[in-house]
Amino acid sequence: MDTRTKILDPARALEVARRLRSEGKSLKVVIGHFDPVLAGHARRMASLSDGSAALMAIVADPPQPILAARARAELVAALAAVNYVALPGDAPLEDFLAKLEAAELVRAEAADQELTRNLIQHVQSRRN
């Protein structure tokens, strides 16, 4: 399966959210930087994917990205626990999230920044 088909633009993400609601299904949304995708991200997504709702990851931009948003989206899409990945586009993130009307919203940006900081520190310590 080409996991890139899981990646949605904002309009398609909203369409998927509306369709799920109309079918009586729930949508769980996780917002993160995923820069880069690490084992901690995979564990988080697996723990959130309990079968009670479709899981959509929103790839938000960190202050100083290591990878381009599309590359991060492709990495997140490769996680089996994730049903959809959305790039929020140019609209303000909060507006996009409000329109999704998710049953559950998990903000993971701060945790993702910590994962990235730890990775950078680890790499730097290995150089010395």
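This report covers a loop, a pocket and two helix contacts in a predicted model.

## The loop after strand E2

Strand E2 spans residues 27–32, and helix H2 spans 39–48. Histidine 33 lies in the loop that links them. Phenylalanine 34 sits in that loop too. So does proline 36, found between E2 and H2.

The backbone here has two features to note. Phenylalanine 34 has a phi near 50°, a positive value in a residue other than glycine. Aspartate 35 and proline 36 are joined by a cis peptide bond, with omega at about -5°.

Burial can be read from relative accessible area. Histidine 33 has 6%, so this residue is buried. Phenylalanine 34 has 0% and is therefore buried.

Histidine 33 also has contacts beyond its sequence neighbours within four places. One run of partners is Val59, Ala60, Asp61, Pro62 and Pro63. The others are Arg72, Glu109, Asp112 and Gln113.

## Isoleucine 31 in strand E2

Isoleucine 31 is part of strand E2. Its relative accessible area is 0%, so isoleucine 31 is buried. Setting aside neighbours within four places, its contacts include Ile58, Ala60, Leu93 and Leu97. Leu105, Val106, Arg107, Ala108 and Glu109 are also in contact with isoleucine 31.

Valine 106 is 75 residues away from isoleucine 31 in sequence. In space, the two C-alpha atoms are 6.3 Å apart.

## The largest pocket

The largest pocket has a volume of about 180 Å³. Its lining includes His33 and Asp35. Pro62, Pro63 and Gln64 line it as well. The remaining lining residues are Asp112, Gln113, Thr116, Arg117 and Ile120. By class, the lining has three nonpolar, four polar and three charged residues.

Two of the lining residues, His33 and Thr116, can be placed further. Histidine 33 is in contact with Pro62, Pro63, Asp112 and Gln113, among others. These four also line the pocket. Threonine 116 is found in helix H5. At 13% relative accessibility, threonine 116 falls under the 20% cut-off, so it counts as buried. Apart from neighbours within four places in sequence, threonine 116 is in contact with Asp35, Pro36 and Ile66. Proline 36 is on the proline side of the cis bond.

## Helix H2 against helix H5

Helix H5 covers residues 109–127. The axes of H2 and H5 come within 10 Å and cross at roughly 150°. That angle is over 145 degrees, so H2 is roughly antiparallel to H5.

Gly40, His41 and Arg44 make the contact from H2. Ala111, Asp112 and Leu115 make it from H5. By class, this contact has two nonpolar, two polar and two charged residues. Asp112 also lines the largest pocket.

## Helix H1 against helix H4

Helix H1 (residues 10–22) packs on helix H4 (residues 93–100) at an angle of about 25°. Their axes are 9 Å apart. The angle is under 35 degrees, so H1 is roughly parallel to H4.

From H1, the residues that meet H4 are Pro10, Ala13, Leu14, Ala17 and Arg21. Their partners in H4 are Phe96, Lys99 and Leu100. The contact divides into six nonpolar, no polar and two charged residues.

## The loop after helix H4

Glutamate 101 lies in the loop between H4 and strand E5 (104–107). Phi of glutamate 101 is near 50°, again a positive value in a residue other than glycine.

Key: Residues numbered from 1 in each chain as written. Predicted model: local features only at pLDDT ≥ 70, side-chain atom pairs only at ≥ 80, totals over all residues. Heavy atoms only, no water. Helix = DSSP H or I, 4+ residues; strand = E, 2+ residues; numbered from the N terminus. Buried < 20%, exposed > 50% of the residue type's maximum accessible area, 1.4 Å probe, protein only. Contact = heavy atoms within 4.5 Å. 1 Å grid on protein atoms, 1.4 Å probe; cavity = no way out; pocket = protein on both sides within 12 Å on 5 of 7 lines; lining within 4 Å. Points joined across faces, edges and corners; volume = space filled by probe spheres on them. Nonpolar A, V, L, I, M, F, W, Y, C, P; charged D, E, K, R; others polar. Axes fitted to C-alpha atoms, helices over the stretch in contact; angles between N-to-C directions. Parallel < 35°, antiparallel > 145°, perpendicular 65-115°, else oblique.
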